[in-house]
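Here is a short briefing to keep beside you while you look through the model. Take a moment with the structure first, then read on.

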Amino acid sequence: MADEKKAVAKGKKPNFFVRFGRGFLNFFKKIGLAFKNMWHELQKVTWPTRDKLINYIVIVVLAVVFLMVIIGLLDMGASALVNLLMR
């Protein structure tokens with residue numbers, strides 16, 4: 001380590017393996033830092049109550065069913081129109 005500092009002070013670039021090793025360690029340090037930051041942000045989240053969560057799930061399921069019916073009717077109408085034009 002002392003040799004590295006002397007080499008850098010003299011203006012010499014560290015060899016490939018030293019640079020690669022530093023980059024490898026920094027890569028994992030950055031990944032660890034990202035997870036640490038994510039954990040701190042998740043501590044700030046206000047999670048919904050059980051009742052609100054059930055209400056949200058019901059709303060989403062009803063919206064999906066409604067859109068499935070609309071898209072199904074449009075598909076049936078388009079199919080009937082194409083069959084009518086093909087005759």
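Phe24 is partly exposed, with a relative accessible area of 46%. Its ring takes part in a small story of aromatic contacts, told below for this predicted model. After that come the salt bridge, the helices and the surface.

**Aromatic rings**

- The count of aromatic pairs comes to 2.
- In one of them, Phe24 and Phe28 meet edge-to-face, with 5.0 Å from centre to centre and 75° between the planes.
- Phe24 and Phe28 both sit in helix α2, which covers residues 16-43, and they are 4 residues apart, so about one helical turn separates them.
- Phe28 has a relative accessible area of 44% and is partly exposed.
- Phe28 also pairs with Phe27: the ring centres are 5.2 Å apart and the planes stand at 75°, so this pair is edge-to-face.
- Phe27 counts as partly exposed too, at 48% relative accessibility.
- Through these ring pairs, Phe24, Phe27 and Phe28 are linked into a cluster.
- Is Phe24 in this cluster buried or partly exposed? At 46%, the relative accessible area of Phe24 falls between the 20% limit for buried and the 50% limit for exposed, so Phe24 is partly exposed.

**Salt bridge**

- How many salt bridges does a search of the whole structure find? The search turns up 1.
- The partners are Glu41 and Lys44, whose side chains meet with 3.4 Å from N to O.
- That distance lies within the 4 Å cut-off, so the contact between Glu41 and Lys44 counts as a salt bridge.
- Glu41 is partly exposed, at a relative accessible area of 47%.
- Lys44, by contrast, is exposed, and its relative accessible area is 61%.
- The value for Lys44 is over 50%, which means that Lys44 counts as exposed, whereas the 47% of Glu41 leaves it in the partly exposed range.

**Overall fold and surface**

- The protein chain holds 3 helices and 0 strands.
- If you trace the protein chain along its sequence, you will meet the pattern α-α-α.
- What share of the 87 residues of the protein chain counts as buried? The share is 1%.
- The protein chain has an accessible surface of about 8600 Å², and carbon and sulfur atoms account for 72% of that surface.

Terms used
Residues numbered from 1 in each chain as written. Predicted model: local features only at pLDDT ≥ 70, side-chain atom pairs only at ≥ 80, totals over all residues. Heavy atoms only, no water. Buried < 20%, exposed > 50% of the residue type's maximum accessible area, 1.4 Å probe, protein only. Helix = DSSP H or I, 4+ residues; strand = E, 2+ residues; numbered from the N terminus. Areas by Shrake-Rupley, 256 points an atom, 1.4 Å probe, with all protein chains shown as cover. Phe/Tyr/Trp six-rings, centres within 6.5 Å; stacked < 30°, edge-to-face > 60°.
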